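Visitor: I'd like to learn how to read a contact between two chains. Could you walk me through one?

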Protein chains: 2
Amino acid sequence: MKTKSLDDLFQDMLKDVYYAERKILKALPKMARGAQSPELRAAFEKHADETQIQIERLQQVFELIGKPARGKTCPAIEGIIEEGEEILESFGGTDAVDAGLVATAQAVEHYEIARYGTMCRWAEMLGQKQASKLLRETLAEEEATDKTLTEIAETSVNQAALKAA
Amino acid sequence: MKTKSLDDLFQDMLKDVYYAERKILKALPKMARGAQSPELRAAFEKHADETQIQIERLQQVFELIGKPARGKTCPAIEGIIEEGEEILESFGGTDAVDAGLVATAQAVEHYEIARYGTMCRWAEMLGQKQASKLLRETLAEEEATDKTLTEIAETSVNQAALKAA
C-alpha cells in the first residue's frame, strides 16, 4: 500500500523548481543577448541576479527540511525555454524579437508563480513557517517581474514589433 | 533581410495555443479519472467542456484573421502535461494525488493566462477587436478556473494529503 503524502509532494516540487531556476539562470543571458531594447536587456540582467538569490533561498529551504539540495528534471521549464529558443531562431534580429522574448519570459514567470504559490501554501500546512516565508519572498519577486515585463511590452516593444515589416 | 512583425508573432502563438488546448482536452479526462475527490473530478469535467468552447473560439479567431486553423507543437504544454503524468504515476491511488493534480492544473492555467494575456493585447494592437474580445473571454475563464482550483485545494484536497501517510 502506498502512503505518499503532502510532504512527498512538497519535496518533489522543490526539486522540480530547483532544477527550473538553474535552467532559467542559464537561459537569461541568451535572452539578454537576443534583446534589441536596452531596457529589456537590463530587465533580463536584473532578473538573472534575482534568480541567483532565489536559488540560494531554495537551498535554504532544502536545509530547513533537512534534505540535500537536489534538482529533478522539470519538463515544463524545458518546454517553455525551448519556445524561447524558437523565438530567437525565427525572430532574432527583427524588430519583433523583443515582443516575443517578453512573451516567453512571462510564460516562465507564470510557471513560477503557479509553483511558488502552491509551495508557499504546502510549506505552511507542513508547519515549515520559515520555508514558507522564503518561498513567499520569491513569489512576490516573480509577480513583480511579470508586471515589469507587461510595462516594457506596453511602453515600447509591442509598438516596435507593430511598426516592423 | 528579415521583416517579421507582430502579426507573425500573433499567428505563431495562436497556433501554439491551438495545439495546447487540444492537448489539454485530451489530458483532462485522464486527470478526472485519477482524481479521488468527486469535487475535483467534477471541476476537471467542467473544464473539459469549457476547453471545447475555447477551441471553437480559437477557430473563430483563425477565421477572423483569414488563416486556416492549424496547430504547432507546443513544447511547454507537453512538458506541463508530462509532469501531470508523473504525478499520476508516483501518487496515483494515494490521498496525496489530488493535491498534486490541482498543482498540475494550476500550472496549465497559468501557462494559458500568460498566453491569452499576451494574445489579447497583440490582437487589439493589430486592430483585431473581435478576436481580442474572444481571447479575453477565454482569459477570464482561465483565471476563474485557477481561483476554483485554489478553493478546492484550500477546502479539501490539501488537508487530505496532509493527513495521509
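**Reading the interface**

Guide: Sure. Start with who takes part: the contact takes 49 residues from chain B and 49 residues from chain A. Keep in mind that this is a predicted model.

Visitor: How much area do chain B and chain A bury between them?

Guide: About 3900 Å², with 61% of it on carbon and sulfur atoms.

Visitor: And the charged pairs: how many salt bridges are there between chain B and chain A?

Guide: Here you look for a Lys or Arg side-chain nitrogen within 4 Å of an Asp or Glu carboxyl oxygen. Between chain B and chain A the count is 6. One of the salt bridges joins B:E86 to A:K72, with the closest N and O atoms 3.2 Å apart. As for polar contacts, 19 residue pairs between the two chains make them, counting pairs with both residues at pLDDT 80 or more.

Visitor: Which elements give two or more residues to the side of chain B that touches chain A?

Guide: In chain B, those are helix 1 (6–34), helix 3 (75–91), helix 4 (97–125) and helix 5 (129–163). Helix 4 of chain B gives the largest share, 15 residues. By type, that side of chain B splits into 23 nonpolar, 13 polar and 13 charged residues.

Visitor: What turn and shift lay chain B on chain A?

Guide: A turn of 180° and a shift of 0.0 Å along the axis, with an RMSD of 0.0 Å. The two copies are therefore related as by a two-fold rotation axis. The same surface serves both copies, with 100% of chain B's contact residues recurring in chain A.

Definitions and conventions. Residues are numbered from 1 along each chain as its sequence is written. Chains are lettered from A and ligands numbered from 1 in the order in which they are written. This is a predicted model: local features need pLDDT of at least 70, side-chain atom pairs count only at pLDDT 80 or more; totals for chains, interfaces and linings use all residues. Side-chain values use heavy atoms; hydrogens and water are left out. Contact means heavy atoms within 4.5 Å. Buried area is the accessible area (1.4 Å probe) that two parts lose on being put together, summed over both. A polar contact is a pair of N or O atoms within 3.5 Å; within protein, one must be able to donate a hydrogen and the other to accept it, and residues adjacent in sequence count only if both atoms are side-chain atoms. Helices (H or I, at least four residues) and strands (E, at least two) are DSSP runs, numbered from the N terminus. Ala, Val, Leu, Ile, Met, Phe, Trp, Tyr, Cys and Pro count as nonpolar, Asp, Glu, Lys and Arg as charged, and the others, Gly among them, as polar. Copies are superposed by least squares on the C-alpha atoms of residues with pLDDT of at least 70 in both.
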